[in-house]
Amino acid sequence: MSLPDTLTVLPLDNKVLLPLAVVKVALQDHEVAVLSKKFSRLSEQRKIVHVVCVPLQPPALIHEESDTSHASRDRLGQHGCMGRIIRFNRSGSGGFVFVEGLSRCQVDRYSDDGPMFLAKVRYPPTITKAELEEAKNDIIAFRALSKEFLVRMKDLKIPEALVEKMSKLIDTVPPYALADLLVSVIETSFEEKLLMLSTTDMKQRLLNASQWMTRQLHALRISEQIHSSIEGKLTKKQREFYLRQQLEAIKQELNDIDGVGEGKEDELVLLGNKLQKLNLPQEVNVIAVRELRRLKKLQPSSSEWSVTRNYLDLIADLPWNKRSDDLLDIRHAKQQLENDHFGLEHVKKRIIEYLSVMKVKKDLKAPILCFVGPPGVGKTSLGRSIASALSRNFHRISLGGVRDEAEMRGHRRTYVGAMPGLIIQGLRKCGVNNPLILLDEIDKLVHSSHYGDPAAALLEVLDPEQNHTFSDHFLNVPFDLSTVLFIATANSVDTIPEPLLDRMELIHLSGYTFDEKLHIAKSHLLPKQISAHGMEESHICMPDDVLLHLAEDYTRESGVRHLERTIASVVRSKCVALAELRESGSTNDYSPNITLEDLKDILGISVYEKEVAEREPIPGVVTGLAYSGSGHGGILFIESTKMPGSGTLQLTGSLGDVIKESAQIALTWVKSNAYRIRLTPTHLDNIVEKYDVHIHMPSGAVPKDGPSAGVTFVTSLVSLFSGCHVLPTTAMTGEVSLRGQVLPVGGIKEKVISAHRAGIRKVILPLRNQNDIISEVPDNVQKDIEFVYVKNVWEVLEAALVMKVDEQWNVRSFESHL
């Protein structure tokens, strides 16, 4: 087969192609255009594309006065390697080819061929048998050296497929041709490869190849000895550093290959920069830097990586030094609170006090407030209004049913899926370190379960002396909560543990009076429902007497939630009427007015009646005042009757132990003082000797307990045995002692307001509760109700029983005995 003598030139910069070797050659734009056409044309004809690869001389060897346009031609050498193109790839405007060397050659002259050069070449003579016989010893030595090199490749754990391929080449390829291949494989310089290419003498090529391979084997042996000697001396950190440097280099190489570039920063780099800009506290900064270094060592597929990443994201998102500016405008705060809520003067006073002190002393610790009151009185909305008045971010945490301590203090990061507690999550969401956090329904926390006690976890949060170093289990570093304004809400303090209760400033919110409900309905509820139903204010006209009737006869409650739902029902009915008239085209017939008669058609008959005013006065029936733990007040009736028997006392109505003891004390007092109140002819007679007494409290399904019904029991029994009645509009409350003294009780405000709501016009109270009436009960209620303050049972009976003049006894004559 004849070899072509005129070939297209491919210049090689700092590369040398030897026979049997393969080299990758980058092409310029003009070279791609020429070779692509030639390669496509000959490939279709199934012909081989031959080229000559000529190494370029170093630039220093070119004469300084050479023309720059002929610089590439001047650098072309006189020796090259004829080869065939085995692969052609285009990449953008450039490209590259893979060329396999076939035979060395010498260039006689170069000529221009458009953008590329052509070379006239001649090949060295074919090796004769005489030359092979003469170099027999050198061939044997070189073959042995090649096999030794193959063994060394196996020791270096070169891929098995490559070793097998090299073994086949050693066995099949002639040594003089193998020498060219091995010189391309081992570490040789550009000058040495160029010398190998220009050497035509076979024996000399074998000697050169043997010399360079021997040098390579010595280098491998020395490297192995050094590696084995220092491997044991390298510490774990040094090996990690070495491997990390390699990994970094690989990543940079991959980025370059993928075209990512240096402009795109890694996510972890961005996270590190974000942490650095936060100006974290010293302790937090040390931990953040340590965790970030640790994160870079972990594999992203591991669960620990995700936990650590979430931890660093939390640290980066928390507002360590970011806070909102308090709006210390007392006049604006007052106006805001007045616009949002009617009444609640003591609450507004406390907030204004806090603002005033903040204006004088900038670094005041935030108070821990707890609003206690029945449902629907505006505890939660009041917290939102306070946040608006202070210009602070508002965050609400519902504690109802929370039973796991980890929900308050967070999970430890040893668990997969660990999360911070509700407090830290709230701060992360707010984005500032001084929000107003509302702890809603704090009395509904589950206590002492096998998941821990969340109420105990709140002790640190709600303690101003401790919460500046609050430690969440997930965060595990101190976080300052001293600037957070915590407000808790509760319906009752009975279920709140004492240590937690001690940390909060209690503010009691009682139920609304009818006048307050009327104002709230006119100012807030009715406009809100009109807007919610798409109506206009001119479409609804509800007079004050209608709103008051709704509050008195349809929604007897402490708050205004049921009242709002009832108003919504009325608005919906008018909305239906308006929609029907619009469909029929009779919009002019629509009437926005709502009367008392309309309420019966819309809501039905009244749910509540003024049962107190409509009751008949009966001896033995007395009205008492009650207070529930949820903040509700109410009235209850005590009914007493007697029947023939042996003096047994029977109590019914779901009564607790304390209220049963009050009934026993009342009966004992009546028996011991029966002669003084003219119930027996002599002081030796037993008033219940021939009678059994039965005391009942209606609403038997509702549990009742407490000592405040003592005076009511006494009055009921005296009324029963004397035949004197008590007016239905008279109610009373107070604990009675065995000696007849009337002791103070709690819940006075709620009891009085509920009595006013039920139509009571006279209330008998212990004298020591007089201050509660003056300071807590609204003025309009005090004007509508007559208050009688008593010190003993005699004064109670005198104020409660309706007796004829000749039936009255001289109460004052017995005061000395009490």
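A residue counts as buried under 20% relative accessible area, as exposed over 50%, and as partly exposed in between. By that rule D5, at 35% relative accessibility, is partly exposed. The structure discussed here is a predicted model, and the confidence of the prediction is therefore a sensible place to begin.

**Confidence along the chain**

The mean pLDDT of the protein chain is 81, and 89% of its residues reach 70 or more. There are nevertheless stretches that call for care: over residues 63-71 the pLDDT stays under 50, and the model has three contacts beyond four places in sequence for them. Residues 256-265 also stay under 50 in pLDDT, with four contacts beyond four places in sequence. Where pLDDT is low, the predicted coordinates should not be read in detail.

**Helix 5, helix 6 and the surroundings of S184**

Helix 5, which covers residues 160-172, packs against helix 6, which covers residues 175-185, at an angle of about 150° and with the two axes 10 Å apart. Because angles over 145 degrees count as roughly antiparallel, helix 5 is described as roughly antiparallel to helix 6. On the side of helix 5 the contact is made by M166, L169 and I170, while helix 6 contributes L178, L181, L182 and V185. The residues of this contact divide into seven nonpolar, no polar and no charged.

S184 also lies in helix 6, and its relative accessibility of 25% places it in the partly exposed class. Which residues does S184 contact, once its neighbours within four places in sequence are left aside? They are L18, A21 and K193. The C-alpha atoms of S184 and L20 are 9.2 Å apart in space, although 164 residues separate S184 from L20 in sequence.

**Salt bridges**

Side chains of opposite charge can pair when their charged atoms come close. In this model the count comes to 22 salt bridges, and the table sets out some of them with their N to O distances.

| Pair | N to O distance |
|---|---|
| D5 and K120 | 2.8 Å |
| E338 and K348 | 3.3 Å |
| K528 and E564 | 3.2 Å |

The side chains of D5 and K120 meet in a salt bridge, and this pair links distant parts of the chain, since D5 is in the segment before strand 1 (6-12) and K120 is in strand 6 (residues 116-122), 115 residues apart. K120, with a relative accessibility of 27%, counts as partly exposed, and D5, as noted at the outset, is partly exposed at 35%.

The salt bridge between E338 and K348 joins E338 in helix 13 (residues 330-340) to K348 in helix 14 (residues 345-360), the two residues being 10 apart in sequence. Is each partner buried or partly exposed? E338 counts as partly exposed, at 40% relative accessibility, whereas K348 is buried, with a relative accessible area of 7%.

K528 forms a salt bridge with E564. Because K528 lies in helix 20 (residues 514-532) and E564 in helix 22 (residues 561-584), this pair ties together parts that are 36 residues apart in sequence. E564 is buried, its relative accessible area being 17%. Elsewhere, salt bridges that share partners join R290, E291, R294, E304 and R413 into one network.

Technical notes
Residues numbered from 1 in each chain as written. Predicted model: local features only at pLDDT ≥ 70, side-chain atom pairs only at ≥ 80, totals over all residues. Heavy atoms only, no water. Axes fitted to C-alpha atoms, helices over the stretch in contact; angles between N-to-C directions. Helix = DSSP H or I, 4+ residues; strand = E, 2+ residues; numbered from the N terminus. Parallel < 35°, antiparallel > 145°, perpendicular 65-115°, else oblique. Contact = heavy atoms within 4.5 Å. Nonpolar A, V, L, I, M, F, W, Y, C, P; charged D, E, K, R; others polar. Buried < 20%, exposed > 50% of the residue type's maximum accessible area, 1.4 Å probe, protein only. pLDDT = per-residue confidence, 0-100. Salt bridge = Lys/Arg side-chain N within 4 Å of Asp/Glu carboxyl O.
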